Each structure stands twice: as C-alpha cells, then as structure tokens.
Amino acid sequence: MKKILAVDDSRSLRNMVAFSLRSTGYQVTEAEDGVEGLALAKQEQFDLVLTDQNMPNMDGLTLIGQLRTLPSYAKTPILMLTTESSDEMKSKGRAAGANGWLIKPFDPQRLLDVVKKVIG
Amino acid sequence: MDSIRLMTLLSGRIQSSLSKSTKDIQQVMSLLDQTIDQLIQHFLSINMDLQQLKNQVPEQGATSALSHCENAIQSIVTDLQFHDIANQLLNRVQGRFSSLQNMLSAIAADSALMTTSTDQINFTDLTAYLECIERLIADTQSQSQNPVAETIRQTPMSGGEIELF
C-alpha cells in the first residue's frame, strides 16, 4: 500500500484529502504544519508528500526545501496543494523542489488521477 | 490643538468599531469551525451508509440513484473546501484590522502626548506629527500588501488547476 503524507493546517482540508485518497487504497498520514510534517517524514518513508503553502510554524516551501536535504526524500514526489495560484509562487515551488502544483479547491477525481500518475 | 483632539476622538471611535468587528469575525470563524466539523461527520456517515448499500445487491432502479449519490459526494468533497478558503480570507481581514488598530493606537498616543506636553503647538510639531502619520500609513499599507494577499482568486467552488513540473 502506497503511503502519502498530507500536510495542511486546515483540518477540514486534511479530512477531504484523506477521504479522497483512502477510499482508493492509499494510506494517508496527516500533519498540521511543516514542522510536524518534517518530523513524520524523518520517522517514516512516504511515497508522496502533499503539502499546503501557508501554514503556521513552517510553510510548504520551507518544508520542501528541508525534505530535499534528506537523502531519502531527494527523489520522492512532492506536490503543493494550495490556494496560491500566482506564477511567482509556482516558480518558487519548482525551485524548492516541488514536482507539481494543485490549486484548491481540488476535485477528488482529478486529485486521484494525479496521484496515480505520480506514484501509481 | 482642536484638530489633534478631533484626531484622538476619531481614532478612539474607529478603534472601538474595529475591535467589535474583530470579535464578530472571530465568532464567525468559530461558528464556521463548528459547522464544518458537523458537516464532515454527517458527510462521512452518509458515505459509509452509501458504501454499505452498494455492497448489498441493489434493485435495478436503485443502481442509478446510488451512482447519482456517489457523484454528489464527489462534489461535496470540493464544496467543503470552502471552509479552508474562507478561513484564509477571514485571517487576512483580521490581519488588516490589527494593522489599522496598531496605527490608530500610535496616532492616539502621539496626539495625547502633544495635547498634554505643551500648551502651544507650533508648525514644526504639526509637520512632525503628519510625517509620523504618513509613516504609519505606509507601514500599514506595506503589511497589507503582502505578496500572498492577492493570490486567493477562487470565486466559483469548482476544482482548481493542476500543473505537473
């Protein structure tokens, strides 16, 4: 079973991500900010990280930067799932090491399609 | 002197109004949190019932109704995300209110100093006072024009764009 880490400070959003992905067999672990996400990622190897950008304590771009310094996450797919839609932010995301950019609100079927495409 | 007293009075009134509005926003956010939690619980419960119904052998007429329900559930997953977007927008409004309150506090404090420390106000004092207000306004504007402040563009609750790098 593929393991996904969903990082978002909004509990309702995490609920919806987990609901959409668990129903098709993915194992989803939730974290409420970048600090918790990074700690969980160090404890356990995930196949995909889905992260929000604007979060307290540590934002998504910082989390991606930190994850990319870990050898075990050098090539792990990381997708941003955020309300941020500016080209400037997308460029920063790409530079930090994100593999894709999804704008909220997400359509569950399209999210699934992307996840399947990225990790199978 | 009268103009400074007027400024002090106005600052106090506006601050009081902003403070009440901030409390209203906090109450809205709290209500939103409670409501969305309940909605999600009901939503998950309905979905569980639906899955159980699907596992039973449905009558022929019920199959299309179940399919219709499943499509509706997919749409609800998108619709429920309004909570996250609404919260972000309300947080930004709170941030702007806070900046304005800080600015008004500074104006009120300066005005009080000027009205109590000297009986005669001169042109230099007024110029310095106006410069101080200009700086405060500029600071407030720069805080509210944070690069992320304009990036929530979602108006309809349809699925957002997806881009793989």
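In which sense, and over how many bridges, do strand E1 of chain A and E2(A) pair? In this predicted model, where local features need pLDDT of at least 70, side-chain atom pairs count only at pLDDT 80 or more, and totals for chains, interfaces and linings use all residues, strand E1 (residues 3–7) of chain A and E2(A) pair in the parallel sense over 5 bridges. Residues are numbered from 1 along each chain as its sequence is written, while chains are lettered from A and ligands numbered from 1 in the order in which they are written.

Strands (E, at least two residues) and helices (H or I, at least four) are DSSP runs numbered from the N terminus, and two strands pair if DSSP finds at least two bridges between them. Within the first pairing, A:Ala6 stands opposite A:Glu30 of E2(A).

These strands belong to an open sheet of 6 strands with mixed pairing, in the order E2(A)-E1(A)-E3(A)-E4(A)-E5(A)-E1(B). Its edge strands, each pairing on one side only, are E2 (27–31) of chain A and E1 of chain B.

Two strand pairs of the sheet are set out here.

| Pair | Sense | Bridges |
|---|---|---|
| E1(A) and E2(A) | parallel | 5 bridges |
| E5(A) and E1(B) | antiparallel | 3 bridges |

In the pair that joins the chains, A:Leu102 has B:Ile162 of E1(B) as its bridge partner.

The contact between the chains (residues whose C-beta atoms, placed from the backbone, lie within 7 Å) takes 29 residues from chain A and 25 residues from chain B. On the side of chain B that touches chain A, H3(B) gives the most, with 5 residues.

Definitions and conventions. Contact = placed C-beta atoms within 7 Å.
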